[in-house]
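Got a minute to look at the hollow spots in this protein? Have the sequence and the 3D view open side by side.

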Amino acid sequence: MKPFNFNTAPRIVFGEGSLARIGEITAAQLGKRVLLVTDPGLIKVGLIEPALMSLEAAGVAVSLFSDVEADPPEHVVMACTKVAQDLKAEGVIGLGGGSSMDVAKLAALLAPGTEKLADAYGVGNAKGPRLPLLLAPTTAGTGSEVTPVSIVTTGASEKKGVVSPVILPDVALLDPDLTLGLPPAVTAATGIDAMVHAIEAYASASPANNPVSRALAREALRLMGAALERAVHNGKDKAARGDMLLGAMLAGQAFANSPVAAVHALAYPLGGHYHIPHGLSNALMLPHVLRFNAETSSAAYVEIAPDAFPELEEVGSQVRAAAFADKLAGLSTRCGLQQRLRDVGIPADAVPMLARDAMKQTRLLVNNPRPVTEADALAIYQQAW
């Protein structure tokens, strides 16, 4: 067996109601003056109140940065960093979806003032040190609470990533109760996003692909394949919510160490140019990229298809990969997501531009099990349109 490294958050806390014990659980690690990074929507629905009360009871002074927006641009990261610096924060909490957690990671990294954001982009360029960091997801999707990745929108539409073990949090706190109020569409899109993480991590051509990531990806697919529709159609199903949150976290651990590939590379331009939510962007591209890959590299999909859809165990290996793509498309449809690029307002004449932009995601495309040219990307987008 070839040698490998596997990095993840050193402490994971999972349980219903755990946010209401955040002060008791983490005060010693975060310090007495912390910045809580979130978005205005979570404040409006009162989701952060249990955290504030618990931290206050533990003697922790909390300040808020609540200007996070979807696909966070650089200026939001820098504004959050300045608040942390002015506060002389001793620790940072990211509470929310992937955008809040990504901003919190970079605020914790940049607040000490030892490095610049422009120098941190790329793989392994962020060196630290950073402030103590806790991340608590409110969606079951990104897995950002256990990944060394933060994605930032640069310029008008392009995205760049900071990828470094330095931005793995000290604590990942997972409270399924935080996901009970998610609307069905958000539950569906983020859930498919998490399944994409598991699928791409398992099939990744990266030299970093490893047996731990593959085992986690399979368990993630087993949990989420059984739970996603239940969570979408009955948002109060606590067992389904718990399985989705755990599955998304396992998928996050998997792809944090065996990176994702062409589904994400082709999804990013949809968010950058048309502000399609990340999870929906991945859901739109998933079956089409899988069908493209399966023409030459179907073995991984044949192995994992029954994890998500046990009935595919009875399907012959010659056609199982194609059936897997069809099943995923059907799951997305039953969960109520749009199925075509035209359904989300993308014009047909935008497809060549999307293909050109997707080719800029070289750090992702290099992990795809089948090489992707610009002509290939164009054909995949045309299939998706």
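What follows is a quick tour of one cavity, one pocket and one loop residue in this predicted model.

Let's start inside. The model has four cavities of 30 Å³ or more. The second largest cavity holds about 50 Å³ of space, and its lining is made up of A140, T179, L182, T187, T190, A231, R241, M244 and L245. Two helices, α7 (184-203) and α9 (238-257), put in at least two residues each, with α9 the top contributor at three.

Now for the second largest pocket, at about 170 Å³. You'll find G122, I151, E158, K159, K160, G161, Y268, K360, Q361, T362 and R363 around it. Strand β8 (158-163) and helix α15 (362-365) each bring at least two of the lining residues, and β8 has the largest share, with four. Both domain 1 (11-179) and domain 2 (184-384) give at least three residues to this lining.

Here's how the two linings break down by residue class:

| Site | Nonpolar | Polar | Charged |
|---|---|---|---|
| Second largest cavity | five residues | three residues | one residue |
| Second largest pocket | two residues | four residues | five residues |

Last stop: T147, which sits in the loop between β6 (133-137) and β7 (149-154). Is T147 buried or exposed? T147 counts as buried because its relative accessibility is just 2%, and the cut-off for buried is under 20%. Leaving out residues up to four places away in sequence, T147 is in contact with K105, I167, L168, G252, F255 and A256.

Key
Residues are numbered from 1 along each chain as its sequence is written. This is a predicted model: local features need pLDDT of at least 70, side-chain atom pairs count only at pLDDT 80 or more; totals for chains, interfaces and linings use all residues. Side-chain values use heavy atoms; hydrogens and water are left out. On a 1 Å grid over the protein atoms alone, a cavity is a set of points where a 1.4 Å probe fits but cannot get out, and a pocket is an open set with protein on both sides within 12 Å along at least five of seven lines; lining residues have an atom within 4 Å of a point. Grid points are joined across faces, edges and corners, and a volume is the space filled by probe spheres set on the points. Ala, Val, Leu, Ile, Met, Phe, Trp, Tyr, Cys and Pro count as nonpolar, Asp, Glu, Lys and Arg as charged, and the others, Gly among them, as polar. Buried means under 20% relative accessible area, exposed over 50%, partly exposed in between (1.4 Å probe, protein chains only). Contact means heavy atoms within 4.5 Å. Domain bounds come from an automatic or database domain assignment.
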